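Colleague: Could you walk me through what surrounds the ligand here, for someone new to this structure?

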Amino acid sequence: MIQIAILGLGTVGGGVAKVVAENAKQIERKLGEPLQVKAVLVRHFKDGPYRQLMTDDFSKIEEDDSIRVVVETIGGVDAAYTYTKRALSAGKHVVTANKQLVAERGFELLALAKRKNVHYLFEASVGGGIPVLHPLTQCLAANRIDEVCGILNGTTNYILTRMVRTGAFFSDALREAQAKGYAEADPTADVEGLDAGRKICILADLAFGHQIDPKQVPMEGISKLSLRDVKIAQRAGYRVKLLGRALRLPGGGRTAYVAPHLIPEDNPIAGVEDVFNAVLIRGNAVGEVMFYGRGAGELPTASACVSDVMECLQASPKREDTGWPAADEGFEDPAELHTRHYFRIEGSLTDAAMAFGQVEVLSEDGETAFLTDSLSGRDAARQSRSLNVLACMRVLDG
Ligand code: HSE
């Protein structure tokens, strides 16, 4: 019998317990032994199926040598960071879905895991149930990764889909996403792009092999997005999606950011709806590879966590090192990145042309919506200074 502990019994922790119970036979067949949840760390005891397993004392888990893997589903940094360090130091493998902790302290926790000859795995931290970190670090290991880009937040994609498809209000769509267990404890992290930002940092760390400090990464969410721009974009053959992007720049530097984009409707990312995420990886040998699936929710996220638990127990201790150094060299401001830009201004086509030269008009209806030629974010901001800008987004150019 292999014993594990779960820290926290929210959406993800509860999902992990469910998957371990419901898929017990398949898991046992693959591990050669049954897998059992021995303890669940909670702050407040609650009645329910796991009441007998609950403890509010982490040292009971830390000191129990029969517990080989700890699944951290507390979220945030403070307690999660302390318990993760203690569990790794005690020689236990740790698995997590906690993107904030991995994005901020991953380099340090991976180094500790390596010293202790245990695993710190976090497939569920990006893309929910989609296998993307393992393919990036293992199946694509022969490539130089030049870009990672995708829809990385299920809540905002769900909200956008509901607003566009059914005309739902933002607040109603957010409430639905919360009820379905997609949103963070504080949904501001979803709506303002922080959650997607943490995920693009993790992807960039793994893709480029250097820590990217989330504080350096510009993160813009969907709270300022107007349905008017979404409709104008749609009529012109684009979809609006919140994207995280990490790119290797021509001069050798790297950049990353999160912002809403216009995406040409023939790009596969444009058709990704509801809670689904998609991650596109561009390698210099493989070209473009795309991963697609449910990016949030109890069972998809638990699927990734439990698979990581099984990998900890099966993998050889010599498994490839997926750590990255803390040094944060070579990060460049994404304002240097060239793309076409969408603008909606209070003004005429003449005003637009004076600022940008030739533009592609999408709508002239009192206001003017248009696309510029490819230019850097810095130039887009500089050239639009004289205009009354109502909306500005980048276009995802192929
Ligand atoms: N709140 C996150 C999302 C959960 O909506 O994508 C999965 O990381």
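Modeller: The ligand sits in the largest pocket, where sitting in a pocket means that more than half of the molecule's atoms lie within 2 Å of its grid points. This is a predicted model, in which local features need pLDDT of at least 70, side-chain atom pairs count only at pLDDT 80 or more, and totals for chains, interfaces and linings use all residues. Residues are numbered from 1 along each chain as its sequence is written, and side-chain values use heavy atoms, with hydrogens and water left out.

Colleague: Which elements give two or more residues to the shell around the ligand?

Modeller: Helices here are DSSP runs (H or I, at least four residues), numbered from the N terminus. Among the residues around the ligand are G154, T155, D195 and K199. The elements asked for are α7 (154-166) and α10 (194-208).

Colleague: Which residue has a polar backbone atom 2.7 Å from a nitrogen atom of the ligand?

Modeller: A polar contact is a pair of N or O atoms within 3.5 Å. An oxygen atom of the ligand lies 3.4 Å from a side-chain N or O atom of N153, and another such pair joins a ligand oxygen to a backbone N or O atom of G154 at 2.8 Å. For the ligand nitrogen, the backbone partner at 2.7 Å belongs to Y182.

Colleague: How much of the ligand's exposed area does the protein bury?

Modeller: Accessible areas come from the Shrake-Rupley method with a 1.4 Å probe. Taken alone, the ligand exposes 250 Å², and the share of this that the protein buries is 94%.

Terms used. Near = heavy atom within 4 Å. Polar contact = N/O pair within 3.5 Å; in protein donor to acceptor, adjacent residues only side chain to side chain. 1 Å grid on protein atoms, 1.4 Å probe; cavity = no way out; pocket = protein on both sides within 12 Å on 5 of 7 lines; lining within 4 Å.
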